[in-house]
Amino acid sequence: KGKCPEDGWDESTIELFLHELAIMDSNNFLGNCGVGEREGRVASGLVARRHYRLIHGIGRSGDISAVQPKAAGSSLLNKLTNSVVLDIIKLAGVRTVTSCFVVPMATGMSLTLCFLTLRHKRPKAKYIIWPRIDQKSCFKSMITAGFEPVVIENVLEGDELRTDIEAVETKIKVLGAENILCVHSTTSCFAPRVPDRLEELAVICANYDIPHIVNNAYGVQSSKCMHLIQQGARVGRIDAFVQSLDKNFMVPVGGAIIAGFNESFIQEISKMYPGRASASPSLDVLITLLSLGANGYKQLLKERKEMFFYLSSELKKLADNHNERLLDTPHNPISLAMSLKNLDENNDAAVTQLGSMLFTRQVSGARVVPCGSVQTVNNYTFKGFMSHANDYPCAYLNAASAIGIKKQDVDVFLKRLDKCLKTSRKESKKGKVVNEISNSNTGTEQLED
C-alpha cells in the first residue's frame with residue numbers, strides 16, 4: 001500500500017526485506033558481468049554489509065526520482081521510502097500534502113535546491129524576503145543559490161519575537177513582486193523567536209503571486225508547526241516545505257525531505273538535482289519507520305509533547321529559585337528560554353562562561369545567548385546575533401524538548417544547570433568585588449600622582 005505499517009516490524013523481518021531488495025540489483029546477480037564505469041563494485045565487505053549491498057544509490061543522472069533498470073531493488077527502496085515518508089507527513093498534520101521526496105542533503109542545501117528550481121520560473125528575480133532567524137545554514141542557502149536575502153526584522157510582542165507582516169508587504173511593494181524569487185519563512189526555531197505567521201505570509205504570497213518556501217527544519221515533530229503549514233496552504237500559497245531527517249526521525253545527519261502541495265513542482269525540484277544520489281538517508285529513514293511503525297512514531301510525538309510541558313514547568317521553578325524567569329513564549333511548541341539577567345548585570349563574560357560550564361558537564365544542545373554579540377555571515381552583519389533581534393532585552397538560555405527526549409534527560413539537565421548557575425553567580429560576584437577594588441585603587445593612585 002506504500003504506507004507506514006501500523007505496528008513496527010522486528011529487525012529480522014526488516015533485514016529479510018532489505019536483502020530481498022538487494023538481490024534485485026544487478027551487482028548482486030549470480031554470474032553478473034559488468035563492463036561499465038559504475039557497476040556497484042565494492043572493495044570492502046564491511047562497507048557492503050553496512051549498506052545491505054544496496055550499492056547503486058538512487059535515481060539516474062538526470063533525475064533523482066527516476067527508476068534505474070539495473071538497480072530495481074534500490075529504485076523500489078527509493079519509491080517506497082518516499083511513499084512511507086509522505087504517509088508520515090500526513091499523519092503528523094499536513095493532510096493535503098500531495099508529494100515529497102528524500103534528498104541526500106541536509107536542510108540548508110535542500111533549501112538551495114528549491115531556490116535554484118524557482119530561478120527558472122522567475123528569471124528576473126534576485127531577492128528573497130526572509131523574516132530574520134539567526135541560524136547560518138538557512139541564511140547561507142540563499143547566498144549559495146545566488147540570491148540577495150532581504151532581512152525583515154522581527155517584532156517584539158511581550159517576550160516573543162514575531163513576524164512583521166506589515167514590513168514584509170511594504171518591502172514587496174518597494175522591490176516589485178516580479179523581482180522577488182520567494183518568501184522564505186520558518187516554523188521551528190529557538191525561543192524567544194516563534195514560528196512565522198505562516199497563514200498571513202501565505203495570503204500575501206497568493207495575492208502578489210510570489211512563491212513561498214518554508215524552512216520546517218524540525219517541525220514534523222510538532223503538531224502546531226504542521227498545523228501552520230496545513231493552514232497556510234489552505235488559505236494562501238506554500239510551494240514547498242523542507243524538513244531534516246535527523247531532527248525529526250532520529251537518523252544520522254545527511255538527509256532532508258522536500259514536500260509540497262503541487263506534485264509537478266516537487267518533481268521539478270527532484271529533476272534539478274544533478275546526477276545520482278546516495279541511498280543511505282533513504283535507507284536509514286525507511287528502516288527507522290518500519291521499525292517504529294505509525295503507532296510507534298505517534299507515541300514518540302506524544303511523549304515529546306508531554307516532556308515539553310514537564311521541561312517548561314520544571315525550568316520555571318528553577319528560574320524562580322534563581323530570581324530569573326522563564327520567558328513567556330506560548331507560540332513556540334518546542335523551544336524554551338530562561339532569562340539570565342542577574343548574570344548579565346554582574347559580569348559580561350559570565351553568560352558565555354555558563355555555556356562553557358554546561359558543555360564541559362556534558363549538557364549538549366543548550367544555548368546561552370548573550371546580549372549585543374555581532375556576527376558577520378557572508379558579508380552581512382547581524383547585531384545581536386543568535387537572539388534573532390538587534391537588541392533583545394536580556395541574555396537568556398535555550399533548552400528544547402525534541403523528539404526522543406526522556407524525563408531523565410530533563411532531570412539531569414536541570415540538576416546540572418542549577419549547580420552551574422550557583423557557581424556562576426558566586427564567581428561573577430567575586431569578579432565584581434575585585435573590579436570595584438581595582439577601580440578604587442586606580443583612583444587613589446591617580447589622586448596621589
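Helices (H or I, at least four residues) and strands (E, at least two) are here DSSP runs, numbered from the N terminus. The model is predicted, so local features need pLDDT of at least 70 and side-chain atom pairs count only at pLDDT 80 or more, while totals for chains, interfaces and linings use all residues. Residues are numbered from 1 along each chain as its sequence is written, and side-chain values use heavy atoms, with hydrogens and water left out.

**Exercise 1. Describe the chain as a whole, from its secondary structure to its contacts.**

Step 1. The secondary structure of the chain comes to 14 helices and 14 strands.

Step 2. The radius of gyration, taken over C-alpha atoms, is compared with a globule rule of 2.2 Å times the number of residues to the power 0.38. For 449 residues a compact globule would have a value near 22 Å, and the 25 Å of the chain agrees with this. Along the principal axes, the C-alpha atoms fill a box of roughly 95 × 55 × 45 Å.

Step 3. A residue is called buried under 20% relative accessible area, exposed over 50% and partly exposed in between, with a 1.4 Å probe and protein chains only. Buried residues make up 51% of the 449 residues in the chain.

Step 4. A contact means heavy atoms within 4.5 Å. Of the contacts in the chain with a separation of 6 or more, 73% are between residues 24 or more positions apart.

**Exercise 2. Place the residues that UniProt lists under "binding site" in an unreviewed entry, and find out whether they gather at one spot or lie apart.**

Step 1. UniProt positions are given in the numbering used here, feature names are shortened, and annotations may be inferred rather than shown by experiment. With that caution, the unreviewed entry lists Arg38 for "binding site", and an annotation of that name covers Arg234, Arg361 and Lys426.

Step 2. The set of Arg234, Arg361 and Lys426 spans 193 residues in sequence, and its farthest two C-alpha atoms are 53.8 Å apart, so these residues do not all gather at one spot.

Step 3. Arginine 234 lies in helix α8 (residues 223-235) and is exposed, with a relative accessible area of 57%. Lysine 426 has its place in helix α14 (residues 407-448) and is likewise exposed, at 65% relative accessible area.

Step 4. Arginine 38 is found in the loop between α1 (11-22) and α2 (45-50). Leaving aside residues up to four places away in sequence, arginine 38 touches His56, Gln68, Lys70 and Arg276.

**Exercise 3. Locate the cis peptide bond from alanine 191 and the positive phi values of tyrosine 52 and methionine 386.**

Step 1. As background, most residues other than glycine have a negative phi, and most peptide bonds are trans.

Step 2. The peptide bond from alanine 191 to proline 192 is cis, with omega near 10°, and proline 192 has its place in the loop between β6 (180-186) and α7 (198-208).

Step 3. Tyrosine 52, although not a glycine, has a positive phi of about 55°, and tyrosine 52 lies in the loop between α2 and α3 (72-92).

Step 4. Methionine 386 has a positive phi near 90° and belongs to the loop between β13 (380-383) and β14 (396-400). With a relative accessible area of 26%, methionine 386 is partly exposed.
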